Amino acid sequence: MTTTPTLTDRYLYALERATPERDRAGIAAEVRERIADAIDARIAAGASPDAAERAALDELGDPDRLAADYLGRTLQLIGPKYYLAWWRLLRILLVTVLPSTAGALVLANAIAGRDIGEIIGGAIWVTIVVGVNLCFWTTLAFALVDRYGVRPLPALPGLPSSPRLRGLSALDPTGSGAWSVDQLPVPAPAETRVSRGQAIASGVFAVIVALAIVVQQFNPFLHDAAGAPIPLLDPSLWSLALPYLLGIVALHVAITVATYLQGRYAWWTAVANAIVNLAITIPGIWLWSTGALVNPAFVEAVGIDRTDTVRIVGIVGGLVWAGVAGWDIVDGFLRAARTERAVGGRR
Amino acid sequence: MGDETTEGHLQELRRGTVVLACLVRLRTPGYGYALLEALGRLGVKTDANTLYPLLRRLEQQGYLTSEWNTEESRPRKFYRTSPAGESLAATLADEWERLSDSLRHLQDES
């Protein structure tokens with residue numbers, strides 16, 4: 001004889017599925033009693049048996065949630081105990097791992113001679129894949145630790161207890177590594193004022209670049225058969241590119257001096273710095289990559305072929321150039337932002 | 001200010017008192033639904049979804065003991081306050097008195 005399972009049977013079945021074996025029978029028996037009492041109370045109040053059962057189960061709510069209530073489980077992936085440790089670790093991983101993997105892939109693809117679209121596409125792809133993986137595995141690890149718990153690691157004897165190490169043990173909030181005031185960050189001094197040293201250094205660097213451009217024309221180290229110097233840079237660049245370069249260098253000095261005279265960084269100095277950097281980097285790298293920058297006679301005289309080694313050195317040099325210029329642009333905006341905040345705060 | 005926020009604060013205030021009420025009431029053994037009814041009649045507001053899991057937790061913590069009663073038509077789990085539960089109840093009751101006094105002083109002062 002088979003009977004159709006009642007709603008109560010179905011509810012208890014769902015509840016048992018959501019309960020670990022150890023507690024299954026106990027919780028099911030308790031809830032069975034609870035349901036029966038609730039149904040009886042409703043029938044006594046005048047409801048029909050069917051309606052009473054339905055209403056009683058409705059009141060109990062989602063069996064998964066009920067099981068969690070009885071087991072004392074929290075319905076969250078990562079609770080407050082580990083949330084901050086999870087967030088700190090994830091942030092550190094994202095800002096260190098993503099740029100380094102993307103950078104490594106760009107370098108490798110450039111050396112392999114892929115075209116620019118493929119290089120950029122590859123960098124975006126690897127950033128997404130690595131980013132998703134970092135988020136997933138870190139969160140999974142913390143969710144497991146949060147659910148099943150870990151015993152605190154025993155203190156290692158002989159380990160120096162520097163604030164930095166204690167900062168690391170913040171990942172283990174159950175252990176000895178509770179948060180302490182030693183972990184407070186030291187506020188970065190807001191470099192609102194442009195120091196004279198910075199202005200002078202920038203000027204000196206510009207002068208060196210300008211001198212180098214002029215001096216290489218009269219290269220004292222390399223002469224051709226007729227005794228005339230062989231310049232490093234292609235002499236045909238003097239028609240436009242080199243005067244342009246000298247002009248930009250002069251402009252850079254002017255901006256630095258203007259920033260110094262104004263006394264602090266501002267948005268317009270950051271923008272001007274970005275424009276100057278782009279104006280020098282984009283044509284520069286283009287000339288560099290097409291091989292138009294270096295004097296063919298110089299290459300011949302030194303006796304190097306355009307071998308793979310030269311090509312790879314060229315790629316690495318180009319990326320370093322782009323990286324330095326990129327950082328200089330970002331740094332300009334960071335200084336401007338910090339200055340703005342510090343000055344705004346004082347107002 | 002909505003009634004919802006008021007209700008939330010009231011729930012916060014009542015939360016710990018349900019434990020004390022259970023421990024005192026269960027000096028004489030009782031089962032879940034009877035306790036729910038009794039507390040409701042006595043004006044200790046609580047709902048079934050709080051009370052039943054609470055009973056289970058107090059039992060696991062050793063403040064209640066339990067026994068299945070199979071004499072009636074349906075088996076029911078009867079809870080009873082353990083000696084540890086008695087001493088917890090005494091501690092909670094003392095704290096309740098102390099807080100009550102403090103709050104009264106606070107209100108007299110202002």
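Visitor: Where is Arg76(B) found?

Guide: Arg76(B) sits in strand 3 of chain B. Strands here are DSSP runs of E, at least two residues long, and helices are runs of H or I, at least four long; both are numbered from the N terminus. The model is a predicted one, so local features need pLDDT of at least 70 and side-chain atom pairs pLDDT 80 or more, while totals for chains, interfaces and linings use all residues. Residues count from 1 along each chain as written, chains are lettered from A and ligands numbered from 1 in written order, and side-chain values use heavy atoms, without hydrogens or water.

Visitor: Why is Arg76(B) called buried?

Guide: Buried means under 20% relative accessible area, exposed means over 50%, and partly exposed lies in between (1.4 Å probe, protein chains only). Arg76(B) has 11%, so Arg76(B) counts as buried.

Visitor: What does Arg76(B) touch?

Guide: Leaving out residues up to four places away in sequence, Arg76(B) touches Glu33(A) and Asp37(A) in chain A. In chain B the partners are Tyr31(B), Glu67(B), Trp68(B) and Asn69(B). A contact means heavy atoms within 4.5 Å.

Visitor: What is chain B made of?

Guide: Chain B has 4 helices and 3 strands. Along the sequence they run α-β-α-α-β-β-α. Of its 110 residues, 29% count as buried. Take the contacts in chain B with a separation of 6 or more: 44% of them join residues 24 or more positions apart.

Visitor: What makes Arg56(B) and Asp23(A) a salt bridge?

Guide: The rule asks for a side-chain nitrogen of Lys or Arg within 4 Å of a carboxyl oxygen of Asp or Glu. Arg56(B) and Asp23(A) come to 3.4 Å, N to O, so the pair passes.

Visitor: Why does this pair join two chains?

Guide: Arg56(B) lies in helix 3 (residues 48-60) of chain B, and Asp23(A) lies in helix 2 (residues 21-44) of chain A. The two partners are both buried.

Visitor: How do you know that Arg22(A) and Asp23(A) form a salt bridge?

Guide: Their closest N and O atoms are 3.8 Å apart. That is within the limit, so the pair counts. Arg22(A) is exposed at 73%, whereas Asp23(A) is buried at 10%.

Visitor: Which salt bridge lies within helix 4 of chain B?

Guide: Glu95(B) and Arg98(B) meet there at 2.9 Å, N to O. They are 3 residues apart in helix 4 (residues 83-109) of chain B, so about one helical turn separates them. Glu95(B) has a relative accessible area of 36% and is partly exposed. Arg98(B), at 46%, is partly exposed as well.

Visitor: Which residues do shared partners join into one network?

Guide: Arg22(A), Asp23(A), Glu30(A), Arg56(B), Glu59(B) and Lys77(B). Over all chains, the count is 17 salt bridges.

Visitor: What makes an empty space a cavity?

Guide: On a 1 Å grid over the protein atoms alone, a cavity is a set of points where a 1.4 Å probe fits but cannot get out. A pocket is an open set with protein on both sides within 12 Å along at least five of seven lines. Lining residues have an atom within 4 Å of a point. Grid points join across faces, edges and corners, and the volume is the space filled by probe spheres set on them.

Visitor: How many cavities of 30 Å³ or more are there?

Guide: The count is 1. The largest cavity holds about 50 Å³. Its lining is Glu30(A), Glu33(A), Gly32(B), Tyr52(B), Lys77(B) and Tyr79(B). Helix 2 of chain A and strand 3 (76-81) of chain B each supply at least two of these residues.

Visitor: Why does this lining divide into 2 nonpolar, 1 polar and 3 charged?

Guide: Ala, Val, Leu, Ile, Met, Phe, Trp, Tyr, Cys and Pro count as nonpolar, Asp, Glu, Lys and Arg as charged, and the others, Gly among them, as polar. Tyr52(B) and Tyr79(B) are therefore nonpolar, Gly32(B) is polar, and Glu30(A), Glu33(A) and Lys77(B) are charged.

Visitor: What is the volume of the largest pocket?

Guide: About 1400 Å³. Of the 48 residues lining the largest pocket, the closest to its centre are Phe205(A), Val209(A), His252(A), Asn277(A) and Ile280(A). Helix 10 of chain A gives the largest share of the lining, 12 residues. The lining divides into 33 nonpolar, 12 polar and 3 charged residues.

Visitor: How confident is the predictor about chain A?

Guide: Confidence per residue is pLDDT, from 0 to 100. In chain A the mean is 80, and 84% of residues reach 70 or more. Over residues 159-170 of chain A, pLDDT stays under 50.
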